[in-house]
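Biologist: I am new to this structure and would like to learn how to read it feature by feature. Could we take it slowly, beginning with the loops and moving outward from there?

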Amino acid sequence: MTYVVTEACIKCKYTDCVEVCPVDCFYEGANMLVIHPDECIDCGVCEPECPPEAILPDTESEAEKWLELNREYSERWPNITRKIDAMPEADAMQAEKGKFDRFFSQEPGEGT
Ligand code: SF4
Ligand code: SF4
């Protein structure tokens, strides 16, 4: 089992999730984070720290379609281990639906 990040994360980067992860298994894209499924220890502490509720356990049906994206991009994007500034539009975009099709970027973030 693992936790996965879903499209609700796009344009957030509050990164409260990163702060609490005991094994530093978040990876940073240009406007989204993902979790490495093989590194996550299923502790669940990041889930309630995510205001847009973007983090789900893979046991939830909604999480299934995001698992491969988390796996693929956690291999391509840099590790992020510390809190950074949120994206300027993070508050406004928090409840937005359908962010993947409109805003997903394959580009890597900077990592920390
Ligand atoms: S708090 Fe949630 S939505 Fe924000 S960066 Fe972390 S996982 Fe993404
Ligand atoms: S469930 Fe635990 S180990 Fe997995 S990403 Fe969240 S904080 Fe990290």
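**Reading the model step by step**

Modeller: Let us start with Thr15, which is found in the loop between β1 and α1 (16–20). Please keep in mind throughout that this is a predicted model.

Biologist: What is the sign of phi at Thr15, and how large is the angle?

Modeller: As a general idea, most residues other than glycine have a negative phi. Thr15 has a positive phi of about 60 degrees although it is not a glycine. Another case is Glu53, in the loop between β3 and β4 (55–57), where phi is again positive, at about 55 degrees, in a residue that is not a glycine.

Biologist: Are these two residues buried or exposed, or in between?

Modeller: The reading rests on a count of other C-beta atoms within 10 Å, where 20 or more make a residue buried and 12 or fewer make it exposed. Thr15 has 22 other C-beta atoms within 10 Å and is therefore buried. Glu53 has 13 C-beta neighbours inside 10 Å, so it counts as partly exposed. For the protein as a whole, buried residues make up 35% of the 112 residues.

Biologist: Which elements make up the chain, and in what order do they come?

Modeller: The protein has four helices and five strands, and from the N terminus on they run β-α-β-β-β-α-β-α-α. The radius of gyration of the protein is 12 Å, close to the 13 Å that the globule rule gives for 112 residues, so the protein is as compact as a globular protein of that length. Along its principal axes, the C-alpha trace spans about 30 × 30 × 25 Å.

Biologist: Among contacts between residues at least 6 apart in sequence, how many join residues at least 24 apart?

Modeller: In this protein, 85% of those contacts join residues at least 24 apart.

Biologist: How are the strands of the open sheet ordered, and is the pairing parallel or antiparallel?

Modeller: In general, strands of a sheet pair through backbone hydrogen bonds, either parallel or antiparallel. Here an open sheet of three strands has the order β3-β2-β5, with antiparallel pairing. The edge strands, each pairing on one side only, are β3 (33–35) and β5 (79–80). Strand β2 (residues 26–28) pairs with β5 in the antiparallel sense over two bridges, and Tyr27 has Asn79 in β5 as its bridge partner.

Biologist: Which helix packs on the sheet, and which strands are touched?

Modeller: Helix α2 (residues 61–76) packs on the sheet, touching β2 and β3, and its direction makes about 105 degrees with that of β3.

Biologist: Where in the fold does Trp66 lie, and what is in contact with it once its neighbours within four places in sequence are left aside?

Modeller: Trp66 lies in helix α2, and it counts as buried because 21 other C-beta atoms lie within 10 Å. Leaving aside its neighbours within four places in sequence, Trp66 is in contact with Val4, Val5 and Thr6. The C-alpha atoms of Trp66 and Val34, which are 32 residues apart along the chain, are separated by 9.3 Å. Arg76 is also found in helix α2, but it has 12 C-beta neighbours inside 10 Å and so counts as exposed. Between the C-alpha atoms of Arg76 and Gln106, 30 residues apart along the chain, the separation is 9.0 Å.

Biologist: How many residues surround each ligand, and which are the closest?

Modeller: Ligand 1 is surrounded by 13 residues, the closest being Cys9, Cys12, Cys17, Cys50 and Ala54. By class, the shell around ligand 1 has ten nonpolar, one polar and two charged residues. Ligand 2 is surrounded by 13 residues, and here the closest are Tyr3, Cys21, Cys40, Cys43 and Cys46. The shell around ligand 2 has eleven nonpolar, one polar and one charged residues.

Biologist: Where does Tyr3 sit in the fold, and is it buried or exposed?

Modeller: Tyr3 is placed in strand β1 (residues 3–5), and with 26 C-beta neighbours inside 10 Å it counts as buried. Not counting residues up to four places away in sequence, Tyr3 touches several residues, among them Ile35, Cys40, Cys46 and Pro57. Tyr3 and Val34 are 31 residues apart in sequence and 9.5 Å apart in space, C-alpha to C-alpha.

Methods
Residues numbered from 1 in each chain as written. Chains lettered and ligands numbered in written order. Predicted model: local features only at pLDDT ≥ 70, side-chain atom pairs only at ≥ 80, totals over all residues. Near = placed C-beta within 6 Å. Nonpolar A, V, L, I, M, F, W, Y, C, P; charged D, E, K, R; others polar. Rg over C-alpha atoms; globule rule 2.2 N^0.38 Å. Contact = placed C-beta atoms within 7 Å. Pairing = 2+ DSSP bridges. Axes fitted to C-alpha atoms, helices over the stretch in contact; angles between N-to-C directions.
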